[in-house]
Amino acid sequence: ESYGDYSYKVLDNGTVEISRYTGNATVVNIPSRINGRRVTSIGEGAFCYCRSLTSITIPDSVTSIGDMAFGHCYNLISIAIPDSVTSIDDAFYCCSSLTSIMLPEGLTSIGSGTFYGCSNLTSIAIPESVTSIGECAFWGCSSLTNITIPDSVTSIDDCTFENCTSLTSVEIPNSVTSIGNYAFSSCISLTSIMIPNSVASIGEEAFSDCKSLA
């Protein structure tokens, strides 16, 4: 069904999932209701390749953001995610103009490839509620200079921070027990990293080509 620039479907619980945005606006405020029904989900690829988009606001009725929901939105600079969203998975893949993002306090999972190729992302605060950071979640975030991993996180997955070429320092908490393959590979500006005694395993080439590490 259609509502303005949106295609949508009604879910089994009677709420709405936005399946596609067809407009060309630069600033978008997603409606919290469509035809009287609450908008609770942004579907897979709903805004993918919306190249005109620079800013978007998601209403607090939304609890789910699908895979590649904003993938390849090359001009997207800012986005506000409500506290109602608890997990994100490759939603911002290759959003190369994204400079900053506020993650919701209730977020528990940053999935695989979430910020893959977000080359202009300069800072991000990971909430204390996050327990897992997926494979390649920050791959190629080449403008990211530092990051603090909260002590709620227990593992750093494969390639999580690979090719973060401006990253100079990382704090790994005592809660982390494993660091995956290529986790910090090619972080050429990384000068120091403290690995706690809690880490029982470090994957293949986890710090390969980290030329600035002492």
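In the predicted model, Glu17 is located in strand β3, which spans residues 16–21. With a relative accessibility of 15%, Glu17 falls under the 20% limit and is therefore classed as buried. The side chain of Glu17 is engaged in a polar contact with the side chain of Ser41, at 2.9 Å. When neighbours within four places in sequence are set aside, the residues in contact with Glu17 are Ser7, Tyr8, Lys9, Leu11, Ser41, Ile42 and Gly43. Ser41 thus appears both as the polar partner of the Glu17 side chain and in the list of contacts of Glu17.

Aromatic pairs number 12 in the structure. One of them is formed by Tyr93 and Tyr116, which are stacked with a centre-to-centre distance of 4.7 Å and an angle of 5° between the planes. Tyr93 belongs to the loop between β10 (87–88) and β11 (100–101), and Tyr116 to the loop between β12 (109–110) and β13 (123–124); the pair therefore ties together parts that are 23 residues apart in sequence. Tyr93 is partly exposed, at 25% relative accessibility. Tyr116 is likewise partly exposed, its relative accessible area being 21%.

A further stacked pair consists of Phe161 and Phe184, with ring centres 5.3 Å apart and planes at 10° to each other. This pair links distant parts of the chain, 23 residues apart: Phe161 is in the loop between β16 (155–156) and β17 (169–171), while Phe184 is in the loop between β18 (178–179) and β19 (192–194). Phe161 has a relative accessibility of 0% and so counts as buried. The value for Phe184 is also 0%, and Phe184 is accordingly buried. Both residues are members of one aromatic cluster, which is made up of Tyr6, Tyr21, Phe47, Phe70, Phe92, Phe115, Phe138, Phe161, Phe184 and Phe207.

Backbone geometry was also examined. Most residues other than glycine have a negative phi. His72, which is not a glycine, has a positive phi of about 60°. His72 is placed in the loop between β8 (64–65) and β9 (78–80). At 12% relative accessibility, under the 20% limit, His72 is classed as buried. Asp209 is likewise not a glycine and has a positive phi, of about 65°. Asp209 is found in the segment after β20 (201–202). The relative accessible area of Asp209 is 39%, so Asp209 counts as partly exposed. Of these two residues with positive phi, His72 is thus buried, whereas Asp209 is partly exposed.

Note on methods: Residues numbered from 1 in each chain as written. Predicted model: local features only at pLDDT ≥ 70, side-chain atom pairs only at ≥ 80, totals over all residues. Heavy atoms only, no water. Helix = DSSP H or I, 4+ residues; strand = E, 2+ residues; numbered from the N terminus. Buried < 20%, exposed > 50% of the residue type's maximum accessible area, 1.4 Å probe, protein only. Polar contact = N/O pair within 3.5 Å; in protein donor to acceptor, adjacent residues only side chain to side chain. Contact = heavy atoms within 4.5 Å. Phe/Tyr/Trp six-rings, centres within 6.5 Å; stacked < 30°, edge-to-face > 60°.
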